[in-house]
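Subject: Structure handover

Hello,

The structure we discussed is below. My notes on it follow.

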Amino acid sequence: YLTMRRESALQKRDAMQARVDELARRLKESTKLRESLVDTLGVLLTQLDIAVSKDTPFLKQERSVRLESLRGELARPDINSAEKLRRLLEAYQVEAGYGSTIEVYPTKITIDRQEISVDVLRIGRVSLFWMTPDKKTCGEFNAGTNSWIVLDNKFNRAISRAMEMATRMRPVELIDLPLGRVGS
């Protein structure tokens with residue numbers, strides 16, 4: 001009887017030791033996984049930062065603030081990895097959403113070394129048009145030269161109408177905009 005109890009106790013001890021060893025292995029694995037995830041999040045944030053910097057210059061301040069905030073959150077040790085991943089994916093979603101939306105927003109741009117206040121019409125990621133508040137001058141962002149250019153006045157009406165449609169002040173209709181041009 002004593003021998004059976006001893007064998008049973010040894011089996012229990014061995015089973016507990018095996019369980020402790022397994023938990024230690026899992027803890028080590030989870031630590032490696034957490035470190036790997038932190039590195040991956042850093043790489044993804046860097047890639048997003050590069051993509052935004054190379055993209056057309058719309059909503060510069062909003063996008064810059066979002067990236068800076070995200071950079072700070074990823075550096076905080078009190079935020080768990082799952083939450084950091086969620087926030088990073090949310091930023092990617094916002095950036096992806098810009099490709100399928102239109103909007104008009106006021107900003108300042110530089111034309112011929114002179115800063116002017118304009119309203120910018122963003123059509124997805126396809127094109128950026130601008131118009132002065134008095135609606136007398138319009139233009140677009142030329143991705144080839146990475147600069148804002150003035151368009152012929154013949155586009156004033158079409159760009160103005162497109163802005164009215166984007167702000168829901170006019171019903172949607174087909175209009176002719178200078179999309180897809182190369183050069184100026």
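Which residue caps the N-terminal end of helix 3? That residue is N80, with a side-chain oxygen 3.1 Å from the backbone nitrogen of A82.

This is a predicted model, in which local features need pLDDT of at least 70 and side-chain atom pairs count only at pLDDT 80 or more, while totals for chains, interfaces and linings use all residues. Residues are numbered from 1 along each chain as its sequence is written, and side-chain values use heavy atoms, leaving out hydrogens and water.

Helix 3 (helices being DSSP runs of H or I, at least four residues; strands, E, at least two; both numbered from the N terminus) covers residues 81-97. Its first and last C-alpha atoms are 24 Å apart, close to the 24 Å expected at 1.5 Å a residue (1.5 Å times one less than the number of residues). S81, K84, L88, A91 and E95 are its buried residues (under 20% relative accessible area, with exposed over 50%, partly exposed in between, 1.4 Å probe, protein chains only). These buried residues line one face of the helix, because they fall within an arc of 85° seen down its axis (taken from the directions from the axis to the C-beta atoms). A82, Q93 and A96 are exposed on the other side.

The largest nonpolar core (buried Ala, Val, Leu, Ile, Met, Phe, Trp, Tyr and Cys joined through side-chain atoms within 4.5 Å) has 13 residues. Among those touching the most other members are L121 and F129. Helix 4 (156-166) gives the largest share, five residues.

Helix 4 also holds R157, which counts as exposed at 59% relative accessibility.

Regards

Technical notes:
A polar contact is a pair of N or O atoms within 3.5 Å; within protein, one must be able to donate a hydrogen and the other to accept it, and residues adjacent in sequence count only if both atoms are side-chain atoms.
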